[in-house]
Amino acid sequence: MQCTMHSIPAECIQEGGKAPTPTGAIQSLDEPVSSTLPSAKGKEVAVEFSSTSLSADLSGPACVNGTPLVLKNKAPRWHEQLQCWCLNFRGRVTVASVKNFQLVASVDPSLNIPAAEQEKVILQFGKIGKDIFTMDYRYPLSAFQAFAICLTSFDTKPACE
């Protein structure tokens, strides 16, 4: 998996680095949208939605001229006893699954970002039970960005379990 975060500069993973954050207020549009959804018992349920938008005003450096942050799968290590490739989820993931992953920064060497910073797991997602998963993320990702990335693992990998 590879994720290019165009709104987050690669330099933000360095110590003291900053990612832009939305500063505008959420504004609701005046026109609600109605939808009819079927319920489990065959009756229709009416639900109203209203669209929201975020202000495009961002504080901090934008990635207009900078290099965007690219996240990639962390390379697994060979486990001699188990005779397989493994990732260390530090006890947070307990069930083997094709959907388990860890993402780290993939940074151009010209940015002079220490290797230790590039090895830090920014997002990990994994199975802990039947249809139960856990997600751990850290700066510079938001909860929304992390969740959106994790959802993509359900769309792109076959159900091999």
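1. Before anything else, a term: a residue is called buried under 20% relative accessible area, exposed over 50%, and partly exposed in between (1.4 Å probe, protein chains only). Lys120, at 36% relative accessibility, therefore counts as partly exposed. Across the whole chain of 161 residues, 27% count as buried.

2. A word on what we're looking at. This is a predicted model, where local features need pLDDT of at least 70 and side-chain atom pairs count only at pLDDT 80 or more, while totals for chains, interfaces and linings use all residues. Numbering starts from 1 along each chain as its sequence is written, and side-chain values use heavy atoms, with hydrogens and water left out.

3. On confidence: pLDDT is the predictor's own score for each residue, from 0 to 100. The chain averages 75, and 68% of the residues score at least 70. Which elements sit at the two ends of the scale, lowest and highest mean pLDDT? Strand S6 (residues 52-53) has the lowest, at 35, and S13 the highest, at 95. Residues 25-37 have pLDDT below 50, with 30 contacts in the model beyond near neighbours in sequence. The stretch 45-62 is also below 50 and has 42 such contacts. A contact here means heavy atoms within 4.5 Å. Where pLDDT is low, the predicted coordinates should not be read in detail.

4. Overall layout: the secondary structure comes to two helices and 13 strands. These are DSSP runs numbered from the N terminus, helices being H or I with at least four residues and strands E with at least two. Among contacts between residues at least 6 apart in sequence, 61% join residues at least 24 apart.

5. Now the inside. A nonpolar core is a set of buried Ala, Val, Leu, Ile, Met, Phe, Trp, Tyr and Cys residues joined through side-chain atoms within 4.5 Å. The largest such core has 20 residues, of which Met5, Ile13, Leu71, Leu123, Leu141 and Ile149 touch the most other members. Two or more residues come from each of strand S1 (2-9), strand S8 (68-73), strand S11 (101-105), strand S12 (123-129) and helix H2 (143-156). Take Leu71: leaving aside neighbours within four places in sequence, its contacts include Met1, Met5, Leu103, Ile122, Leu141 and Ile149.

6. Cys12 deserves a look too. This residue lies in the loop between S1 and strand S2 (21-22), and at 2% relative accessibility Cys12 counts as buried. Not counting residues up to four places away, Cys12 touches Gly17, Lys18, Ala19, Tyr139 and Pro140. The C-alpha atoms of Cys12 and Pro68 are separated by 9.6 Å, with the two positions 56 residues apart along the chain counted as their spacing.

7. Salt bridges: there are three, each defined as a side-chain nitrogen of Lys or Arg within 4 Å of a carboxyl oxygen of Asp or Glu. Asp136 and Arg92 form one, with the closest N and O atoms 2.8 Å apart. Asp136 lies in strand S13 (residues 132-137) and Arg92 in the loop between strand S10 (84-86) and S11, so this bridge ties together parts 44 residues apart in sequence. Both ends are partly exposed: Asp136 has a relative accessible area of 22%, and Arg92 is at 40%.

8. The other two bridges are Glu117 with Lys120 (3.3 Å, N to O) and Lys130 with Asp131, whose closest N and O atoms are 3.5 Å apart. Buried or exposed, what is Glu117? Glu117 is buried, with a relative accessible area of 12%. Lys130 and Asp131 are exposed.

9. The S12 and S13 hairpin: the strands run antiparallel and are joined by six bridges, where pairing requires DSSP to find at least two bridges between strands. Leu123 stands opposite Tyr137 in S13. Two residues sit between the strands, and Asp131 takes a positive phi near 60°.

10. Last, the rings. The structure holds five aromatic pairs; rings of Phe, Tyr and Trp (its six-membered ring) pair if their centres lie within 6.5 Å, with planes under 30 degrees apart called stacked, over 60 edge-to-face and the rest tilted. Trp78 and Trp85 have centres 5.4 Å apart and planes at 75°, so they are edge-to-face. Trp78 is partly exposed at 38%, whereas Trp85 is exposed at 57%. Phe101 and Phe125, with centres 5.7 Å apart and planes at 35°, make a tilted pair. That pair links strand S11 to strand S12, 24 residues apart, and both Phe101 and Phe125 are buried. Ring pairs also link Phe101, Phe125, Phe133 and Phe154 into a cluster.
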